[in-house]
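Morning, everyone. I have one structure to walk through today, so please look at the screen and follow along.

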Amino acid sequence: MQTTQEAPTGSPIGRSTPRVDGPLKVSGVAQYTSDFHLPGMLYAVPVEATIANGRVVKLDTAAAEKMPGVRAIFHRENLGKIFRSTQGQGLEGICDERRPPFEDDVVRYYGQYVALAVADTFEAAKAAADAVRVTYAKDKPNVDTNLKADD
């Protein structure tokens, strides 16, 4: 016969837990990170690769750079050397990618950052990121579609 164990008294499982943030959220007075605007604060929105494998042939940032409120469009051609990070002891699993952003023109996965739009407002940064035109040399994605569940 199977016996059930009672949850420890400190556990929230199996009992109601008060949501101290609930009234603030439903009344609309809760503050979120995006509610804070500090003097001189800028916003950044990445330009993400729209292919899964290949390389960036050309980045056309001219239109984005001329948009109101845009401070810069960063990419590998206008940044100095960025060094690879090293894995600190006890930080295993924090970040699997040691390659710095914009290290080269190789696209390794869909959504990889290929540029970064920086502007005075989030909306301006988003519009600038959307205005960057990227030309790619596509390669066949490195995907094996014939894998079985056991593989």
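Start at Thr 61. Is Thr 61 buried or exposed? It is buried, with a relative accessible area of 9%. The cut-off for buried is under 20%, so Thr 61 qualifies. Where does Thr 61 sit? It is in the loop between β2 and α2, and α2 covers residues 62-65. Which residues does Thr 61 touch, once neighbours within four places in sequence are set aside? Ile 73, His 75 and Val 132. Keep Ile 73 in mind. We will meet Ile 73 again in a strand pairing.

A word on what you are looking at. This is a predicted model. Every value I quote is computed from that model.

Now the overall layout. The protein has three helices and six strands. Along the sequence, the pattern reads α-β-β-α-β-β-β-α-β. The protein has 151 residues, and buried residues make up 21% of them. Contacts reach far along the chain. Take the contacts between residues at least 6 apart in sequence: 77% of those join residues at least 24 apart.

On to the sheets. One open sheet has three strands, in the order β1-β5-β3, with antiparallel pairing. Its edge strands are β1, residues 43-48, and β3, residues 70-74, and each pairs on one side only. From one strand to the next, the twist averages 20°.

Look at the pairings in that sheet. Between β1 and β5 there are six bridges, and the two strands run antiparallel. Val 47, for one, has Ala 115 of β5 as its bridge partner. Between β3 and β5, four bridges form, again antiparallel. Here is Ile 73 once more: its bridge partner in β5 is Ala 117. Phe 74 has Leu 116 as its bridge partner in β5. As a reminder, strands of a sheet pair through backbone hydrogen bonds, either parallel or antiparallel.

Why call β5 largely enclosed by the rest of the structure? Because five of its seven residues are buried. A helix lies across this sheet too. Helix α3, residues 122-131, lies across β1, β3 and β5. Relative to β1, α3 runs at about 20°.

Next, another set of strands. Three strands form an open sheet in the order β4-β2-β6, and the pairing is antiparallel. β4 and β6, the latter at residues 133-138, stand at the edges with a single partner strand each, so one side of each has no neighbour in the sheet. Two bridges join β2 to β4, running antiparallel. Gly 54 has Val 107 of β4 as its bridge partner.

Val 107 leads us to Gln 112. Gln 112 lies in the loop between β4, residues 106-107, and β5, residues 113-119. Gln 112 is in a loop, yet its relative accessibility is 3%, and Gln 112 therefore counts as buried. What does Gln 112 touch, not counting residues up to four places away in sequence? Val 47, Glu 48, Ala 49, Arg 99, Val 106 and Val 107. Val 47 we have already seen, bridged to Ala 115 in β5.

One more loop residue: Phe 102. Phe 102 is found in the loop between β3 and β4. Its phi is positive, at about 60°, although Phe 102 is not a glycine. Phe 102 is also buried, with a relative accessible area of 14%.

Last stop, the largest pocket. Its volume is about 180 Å³. How many residues line the largest pocket, and which are closest to its centre? There are 16, and the closest are Val 56, Leu 59, Arg 76, Asp 104 and Asp 105. The elements giving two or more residues to the lining are β2, β4 and β5. The largest share comes from β2, with four residues. By type, the lining divides into eight nonpolar, two polar and six charged residues.

To recap the loops: Thr 61 is buried at 9%, Phe 102 at 14% and Gln 112 at 3%. To recap the sheets: one runs β1-β5-β3, and another runs β4-β2-β6. Thanks, and I am happy to take questions.

Methods: Residues are numbered from 1 along each chain as its sequence is written. This is a predicted model: local features need pLDDT of at least 70, side-chain atom pairs count only at pLDDT 80 or more; totals for chains, interfaces and linings use all residues. Side-chain values use heavy atoms; hydrogens and water are left out. Buried means under 20% relative accessible area, exposed over 50%, partly exposed in between (1.4 Å probe, protein chains only). Contact means heavy atoms within 4.5 Å. Two strands pair if DSSP finds at least two bridges between them. Axes are lines fitted to C-alpha atoms, for helices over the stretch in contact, and angles run from 0 to 180 degrees between N-to-C directions. On a 1 Å grid over the protein atoms alone, a cavity is a set of points where a 1.4 Å probe fits but cannot get out, and a pocket is an open set with protein on both sides within 12 Å along at least five of seven lines; lining residues have an atom within 4 Å of a point. Grid points are joined across faces, edges and corners, and a volume is the space filled by probe spheres set on the points. Ala, Val, Leu, Ile, Met, Phe, Trp, Tyr, Cys and Pro count as nonpolar, Asp, Glu, Lys and Arg as charged, and the others, Gly among them, as polar.
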